[in-house]
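Ready for some practice in reading a protein model? Keep the structure open beside you and try each task before you look at its solution.

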Amino acid sequence: MQTKLIPLLAISTLFVANAHAAAFSFSTGDADFRIATGSRPSSNGKIEIESADDFVLTQNTQLNHATFTGLLAGAALSDIANVNVEIYRVFGKDSVNPPSGRVPTRVNSPSDIAFETRESATNSLSYNVTVLSANATAANSVLNGIHPLPNQTTGGEGPVSGQEVKFDVDFSKVISLAADHYFFIPQVELKNGNFLWLSAAKPIIGGSGPFTPDLQSWIRDENLAPDWLRIGTDIVGGTTFNQAFSVSGVTAVPLPGATWLFFSGMLGLLGLGKRKKAIA
């Protein structure tokens, strides 16, 4: 009886674990073209730029997919060399505190360093790109005008045009996150031109709907790091932005009733085995 229980135990445990999983999805909705902001790893004489927007998890979650929408300005699909996704926690986690004082605030910013990273160059993610429009224009942009105090408010760098593209990203190594507040950062490395991440409505319209607290989007380059600037409040002035992205996966939903049922059943089987042995 004991030998027969071993595979039964393994199968039952797997069943209960799967019964705890529920689908998770978050989206800020479609791009609204109010602004497009640079976000890229460092390469070929180009310094790193990170644009960030937030999402909240209320349960332990495994992310296995993401999307983000932006412009390829002066670039073609064949220029895409690498795609990164970074997950940051909220300052002051993973950060030096107090901060440097070179920016107006670090309250509700991303932390100093990334919490999780996936990239196509290391095969920890794969991606597909869809062209949504051959020529689209964002009303404003931020690419080079990322400055510490007192020169942070540039108003932006004006309209920018390019191919509107949507990246669908699959994580070959899932991103396991505890319930918390996080920032999502996509980066696209290009052989030519620039990738600029498009904004989305704030508060969220469509997507998975508004949530609280919905923090505004932030940006930094490697010269400003570890600090961050608010794209709307600090750089453009007088406004706030979200960015166009989604994340999805599965959450670990506690089901104490199912767990108790499983263990009760196993104890019953073990007891039956003992009784049969005693009769024999």
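A nonpolar core is a set of buried Ala, Val, Leu, Ile, Met, Phe, Trp, Tyr and Cys residues joined through side-chain atoms within 4.5 Å. Keep in mind that this is a predicted model.

**Exercise 1. Get an overview of the chain.**

Task: Find how many helices and strands the chain has, and what share of its residues counts as buried.

Solution:
- Step 1. Count the elements: there are three helices and 15 strands.
- Step 2. Turn to burial: 48% of the 280 residues count as buried.
- Step 3. Look at the outside: the chain exposes about 13,000 Å², and 57% of that comes from carbon and sulfur atoms.
- Step 4. Consider contacts between residues at least 6 apart in sequence: 84% of them join residues at least 24 apart.

**Exercise 2. Explore the largest nonpolar core.**

Task: Which residues of the largest nonpolar core touch the most other members?

Solution:
- Step 1. Among the 30 residues of this core, the ones that touch the most other members are Phe55, Phe68, Phe167, Phe184 and Val247.
- Step 2. Now see where the core comes from: several strands each supply at least two of its residues, including strand 1 (21-27), strand 5 (80-89), strand 9 (160-177) and strand 15 (245-252).
- Step 3. Strand 9 provides the largest share, six residues.
- Step 4. A second core, separate from this one, has 13 residues, among them Ile219, Ile231, Ile235 and Phe241.
- Step 5. Zoom in on Val247: leaving aside neighbours within four places in sequence, Val247 is in contact with Phe24, Ser25, Phe26, Phe55, Leu63, His65, Ala66 and Phe184.

**Exercise 3. Compare two loop residues.**

Task: Decide whether Ser217 is buried or exposed, then place Gln59 in the chain.

Solution:
- Step 1. Find Ser217 in the loop between strand 11 and strand 12 (218-221).
- Step 2. The relative accessible area of Ser217 is 1%, so Ser217 is buried, given that buried means under 20%.
- Step 3. Check what surrounds Ser217: apart from neighbours within four places in sequence, its contacts include Ala52, Asp53, Ile231 and Phe241.
- Step 4. Gln59 lies in the loop between strand 3 (49-57) and strand 4 (61-73).
- Step 5. With a relative accessible area of 29%, Gln59 is partly exposed.
- Step 6. Gln59 and Thr251 are 192 residues apart along the chain, yet their C-alpha atoms are separated by 6.3 Å.

**Exercise 4. Look for empty space.**

Task: Find how much space lies in the largest pocket and in the largest cavity, and describe the lining of each.

Solution:
- Step 1. Rolling a probe the size of a water molecule over the atoms shows where empty space is left.
- Step 2. The largest pocket holds about 160 Å³ of space.
- Step 3. Its lining includes Ser27, Asp30, Thr67, Glu164, Lys166 and Phe245. Strand 4, strand 9 and strand 15 are the elements that give two or more residues to this lining.
- Step 4. Sort the pocket lining by class: four residues are nonpolar, five polar and three charged.
- Step 5. Move to the cavities: the structure has one of 30 Å³ or more, and about 50 Å³ of space lies in the largest cavity.
- Step 6. Arg40, Pro41, Lys46, Val188 and Phe195 are among the residues that line the largest cavity. Strand 10 gives the most to this lining, with three residues.
- Step 7. Sort the cavity lining too: four residues are nonpolar, three polar and three charged.

Terms used:
Residues numbered from 1 in each chain as written. Predicted model: local features only at pLDDT ≥ 70, side-chain atom pairs only at ≥ 80, totals over all residues. Heavy atoms only, no water. Helix = DSSP H or I, 4+ residues; strand = E, 2+ residues; numbered from the N terminus. Buried < 20%, exposed > 50% of the residue type's maximum accessible area, 1.4 Å probe, protein only. Contact = heavy atoms within 4.5 Å. Areas by Shrake-Rupley, 256 points an atom, 1.4 Å probe, with all protein chains shown as cover. 1 Å grid on protein atoms, 1.4 Å probe; cavity = no way out; pocket = protein on both sides within 12 Å on 5 of 7 lines; lining within 4 Å. Points joined across faces, edges and corners; volume = space filled by probe spheres on them. Nonpolar A, V, L, I, M, F, W, Y, C, P; charged D, E, K, R; others polar.
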